[in-house]
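Please examine the sequence and the three-dimensional model shown here, and then follow the description through its open and enclosed spaces, its domains and its sheets.

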Amino acid sequence: MQDNNRDYLSNFPDANGYFGQFGGNHYPQAAWPALKELEATYRAVRETPEFLHDLEEARIGFQGRPTPLHFLRNTTSEIGGAQIYVKREDLNHTGAHKINHCVGFALLARKMGKRKLIAETGAGQHGVALAAASAYFGLECEIHMGKIDTEKQSVNVERMRLHGAKVVVATTGQSALKEASDSAFTAYVEQREHALYAIGSAIGPHPFPMIVRDFQAVVGREARHQFLALHDGTLPDHVVACVAGGSNAMGIYSGFIDDPEVNLHAVEPLGDSDRAGRHAATLSFGTPGTLHGARSVVLQQDDGATMQVRSVASGLVYPGVGPEIAALQDSGRLNVAVVSDDEVVRTFFRMSRSEGIIPALESCHALAFALKLAARLPTSRKILLNLSGRGDKDIDYVINNFGTGFE
Ligand SMILES: Cc1ncc(COP(=O)(O)O)c(C=O)c1O
């Protein structure tokens with residue numbers, strides 16, 4: 001098996017930032033020069049020995065990469081079906097995959113002579129990762145977060161502040177991730193002379209989805225090497241990730257996207273029902289539209305206003321999806337599944353008990369689906385999933401709302 005997986009990645013997006021019909025730059029004109037500057041810097045520096053050296057140094061020493069590939073032995077044997085392997089992104093410094101692109105943006109900011117990084121955050125994982133990366137690289141940091149999330153993820157707010165970040169609380173609309181993104185985009189346009197937007201997912205106008213994907217591709221590259229080494233050159237049959245904007249999904253898919261025999265699965269939050277307003281399953285129920293500067297699929301009303309969304313996992317409460325994910329679904333490359341809050345919480349308890357791993361509620365979406373998929377498949381089949389983050393941030397919320405799970 002060739003360990004060379006670059007065809008798709010070098011062909012997409014096109015020169016205008018499109019993945020098929022999705023993507024592009026639909027952002028207010030005031031920000032275009034800043035976006036052009038970002039793209040030009042990124043293209044100029046990304047393959048230079050100095051940039052690659054600094055990135056590698058941060059990946060190994062600061063982040064703790066490579067993260068392990070781990071066999072869920074107990075769960076696999078309890079289920080009696082396909083073998084389940086997880087890429088342990090929860091073992092990254094700060095506890096999730098988000099730091100993979102935060103470190104990259106911090107390096108880009110330094111190259112561009114910017115002194116500050118601005119971003120939005122949902123569950124707080126991106127905010128904490130960016131605050132830590134800013135501290136490491138000596139940059140200022142400003143994080144926008146919905147009020148509802150600051151209350152649910154209060155420990156993450158304190159962690160951001162400990163790293164020296166300013167936390168701006170968004171109180172409009174649902175006071176969640178979309179409103180935090182609106183607020184952060186506005187702050188960026190105002191401060192673009194000295195600040196860089198370090199977006200939290202593979203969303204937004206070109207070049208953000210491309211840059212986030214490229215920095216997250218380290219997950220897929222490593223997972224591919226590790227999987228081939230462990231299985232005498234054979235690939236997984238299925239690759240699974242949860243999806244909000246798509247940064248962890250594009251990270252792991254990147255390693256396997258040119259292998260048609262590998263099935264790619266995106267798992268979305270069904271919340272507590274498939275009724276509008278009770279879930280955040282954009283790929284399943286959304287329609288083409290424009291959100292945060294990109295053409296994509298959006299959960300929207302007839303007049304284009306975004307719908308209310310919800311999920312037990314703050315990091316998945318977003319009424320859109322990254323354009324590349326929308327394009328992969330459109331092309332038929334991606335299978336889309338949903339799992340409910342109930343299944344997610346049961347998986348949280350099950351993993352903690354059977355595997356000694358407390359996964360983030362976001363990652364429990366991918367796990368819950370993988371468990372069901374494994375049960376339908378023979379023992380010879382192999383599933384790889386991106387365990388995108390650890391669930392320490394969710395413990396208080398889960399115990400307060402669902403008890404201890406130990407009957
Ligand atoms: C642990 C974890 N996984 C997944 C996600 C979803 O984001 P994305 O779709 O960009 O990977 C989040 C978002 O906050 C997260 O914290």
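The second largest pocket is lined by I148, D149, K152, Q174, A176, V309, R310, S311, V312, S314, V317 and Y397. On a 1 Å grid over the protein atoms alone, a pocket is an open set of points with protein on both sides within 12 Å along at least five of seven lines, a cavity is a set of points where a 1.4 Å probe fits but cannot get out, and lining residues have an atom within 4 Å of a point. The volume of this pocket is about 230 Å³; a volume is the space filled by probe spheres set on the points, which are joined across faces, edges and corners. This is a predicted model, in which local features need pLDDT of at least 70 and side-chain atom pairs count only at pLDDT 80 or more, while totals for chains, interfaces and linings use all residues. Residues are numbered from 1 along each chain as its sequence is written, and side-chain values use heavy atoms, with hydrogens and water left out.

Helix 7 (residues 147-152) supplies the largest share of the lining of the second largest pocket, three residues. Helices (H or I, at least four residues) and strands (E, at least two) are DSSP runs, numbered from the N terminus. In character, the lining of this pocket comprises six nonpolar, three polar and three charged residues. Here Ala, Val, Leu, Ile, Met, Phe, Trp, Tyr, Cys and Pro count as nonpolar, Asp, Glu, Lys and Arg as charged, and the others, Gly among them, as polar.

How are the two domains involved? Domain 1 (19-61 + 98-208) and domain 2 (64-95 + 217-402) each give at least three residues to the lining of the second largest pocket. Domain bounds come from an automatic or database domain assignment. The C-alpha centres of domain 1 and domain 2 lie 22 Å apart, and 39 residues of domain 1 are in contact (heavy atoms within 4.5 Å) with 44 residues of domain 2.

The largest cavity holds about 330 Å³ of space. Of its 30 lining residues, H97, K98, A244, G315 and E362 are the closest to its centre. Because both domain 1 and domain 2 give residues to its lining, the largest cavity lies between them. That lining divides into 10 nonpolar, 16 polar and four charged residues.

The second largest cavity contains about 70 Å³ of space. Strand 12 (residues 294-298) contributes the most to its lining, with four residues. Eight nonpolar, five polar and no charged residues make up the lining of the second largest cavity.

The sheets come next. Strands of a sheet pair through backbone hydrogen bonds, either parallel or antiparallel. One open sheet has four strands in the order 7-6-5-8, with parallel pairing; two strands pair if DSSP finds at least two bridges between them. Strand 7 (166-170) and strand 8 (195-197) are its edge strands, each pairing on one side only. Strand 6 (residues 140-146) and strand 7 pair over five bridges, and K166 in strand 7 is the bridge partner of E142.

Another open sheet has six strands in the order 3-4-14-9-10-13, with mixed pairing. Its edge strands are strand 3 (69-71) and strand 13 (334-339). Strand 9 (residues 238-242) and strand 14 (residues 382-387) run parallel and are joined by three bridges.
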